[in-house]
Amino acid sequence: MSDRGPLSSLTGNGNWFEDFTVGQKMRHARGATVDEVENNFISKQVMNTAQAHWNEHYLQGGPLGTGRVVFGLITASITIGLTSQDTAENALAEVGLDHLRFRAPVHHGDTLYAFTEVLAVEPASDRDDAGLVTFKHWGVTHDDRVVFEGERTVLIKRRSHWEAR
């Protein structure tokens, strides 16, 4: 194990509060293909009964494309999940999720990629061991369609307080 503490050694080295700067942009390394399982399971589990999610033939020839549309919160969850290694490994709490926009439909078989811009970096008013970082996230498909965007605020550990010396 490194000279870092046992918990901090489990996370990356460039994602502490001090590492984020306003205007910083990231393209996250991984992509995820959305399959039928995610859409069917979650849509039915939360009783999202919109026919576009459950009925394969409902949208035939319609403006949203052919086949079932993936439930938007699945698209958002996958996008945010793809950003987490870079933006939340040292998170103490998820503080806010705002301005969610679903820009284009996602269908089974689409692969999502994530991008991030740092919008704000501020000290936490109630603790000196962490700070607040606000991110703007985008989900983009394999064919370059922006399908999701949203802002997320995370309470992130300060290296100066959490990393072992």
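A residue counts as buried here when its relative accessible area is under 20% and as exposed when that area is over 50%, with partly exposed residues in between. By that cut-off Phe 135 is buried, because its relative accessibility is 0%. The model in which this residue sits is a predicted one, and Phe 135, which belongs to strand E4, offers a convenient way into the sheet.

The sheet is open and has 5 strands in the order E1-E3-E4-E5-E2, with antiparallel pairing. Strand E1 (25-33) and strand E2 (91-102) stand at its edges, and because each has a single partner strand, one side of each is left without a neighbour in the sheet. On average, and with direction ignored, neighbouring strands are turned by 25° against each other. Helix H3, residues 72-87, packs on this sheet and touches E1, E2, strand E3 (111-123), E4 and E5, while its direction makes about 125° with that of E1.

Strand E4 itself is mostly covered, with 9 of its 12 residues buried. Toward E3, the pairing is antiparallel and extends over 11 bridges, one of which can be located from Ala 120, whose bridge partner in E4 is Thr 134; the connection from E3 to E4 is a hairpin that passes through 6 residues. Toward E5 (residues 146-157), strand E4 (residues 130-141) is again antiparallel, joined by 11 bridges. Here Leu 132 has Leu 155 as its bridge partner in E5, and Trp 138 stands opposite Glu 149. The hairpin of E4 and E5 has 4 residues between the strands, and in it Asp 144 takes a positive phi near 65°.

In a regular strand the side chains alternate between the two faces of the sheet. With that in mind, the nonpolar cores can be followed next. The largest of them has 12 residues, among them Val 34, Ile 74, Ile 78, Leu 82, Leu 112, Val 147 and Phe 148. The elements that contribute two or more residues to this core are H3, E3 and E5, and H3 supplies the largest share, with 4 residues. The surroundings of Leu 112 give a local view: beyond residues up to four places away in sequence, Leu 112 touches Val 34, Ile 78, Leu 82, Val 106 and Val 147, as well as others including Arg 30, Thr 75 and Val 140. A second, separate core has 8 residues, including Val 118, Val 133, Val 154 and Ile 156.

A search of the whole structure for aromatic pairs finds 2. One is formed by Phe 20 and Phe 135, which meet edge-to-face at 5.3 Å centre to centre, with 80° between the planes. This pair links distant parts of the chain, since Phe 20 lies in the segment before E1 and Phe 135 in strand E4, 115 residues apart. Phe 20 has a relative accessible area of 4% and is therefore buried. The other pair, Phe 102 with Phe 148, is tilted, at 5.5 Å centre to centre and 45° between the planes; Phe 102 belongs to strand E2 and Phe 148 to strand E5, 46 residues apart. Phe 102 is partly exposed because its relative accessible area is 43%, whereas Phe 148 is buried, with a value of 0%.

Charged groups also sit over tryptophan rings. The charged end of Lys 44 sits over the ring of Trp 54, 5.4 Å from its centre, and Lys 157 lies over the face of Trp 162, at 4.5 Å from the ring centre.

Terms used. Residues are numbered from 1 along each chain as its sequence is written. This is a predicted model: local features need pLDDT of at least 70, side-chain atom pairs count only at pLDDT 80 or more; totals for chains, interfaces and linings use all residues. Side-chain values use heavy atoms; hydrogens and water are left out. Two strands pair if DSSP finds at least two bridges between them. Axes are lines fitted to C-alpha atoms, for helices over the stretch in contact, and angles run from 0 to 180 degrees between N-to-C directions. Contact means heavy atoms within 4.5 Å. Buried means under 20% relative accessible area, exposed over 50%, partly exposed in between (1.4 Å probe, protein chains only). A nonpolar core is a set of buried Ala, Val, Leu, Ile, Met, Phe, Trp, Tyr and Cys residues joined through side-chain atoms within 4.5 Å. Rings of Phe, Tyr and Trp (its six-membered ring) pair if their centres lie within 6.5 Å; planes under 30 degrees apart count as stacked, over 60 as edge-to-face and the rest as tilted. A charge sits over a ring if NZ of Lys or CZ of Arg is within 6 Å of the ring centre and within 35 degrees of the ring normal.
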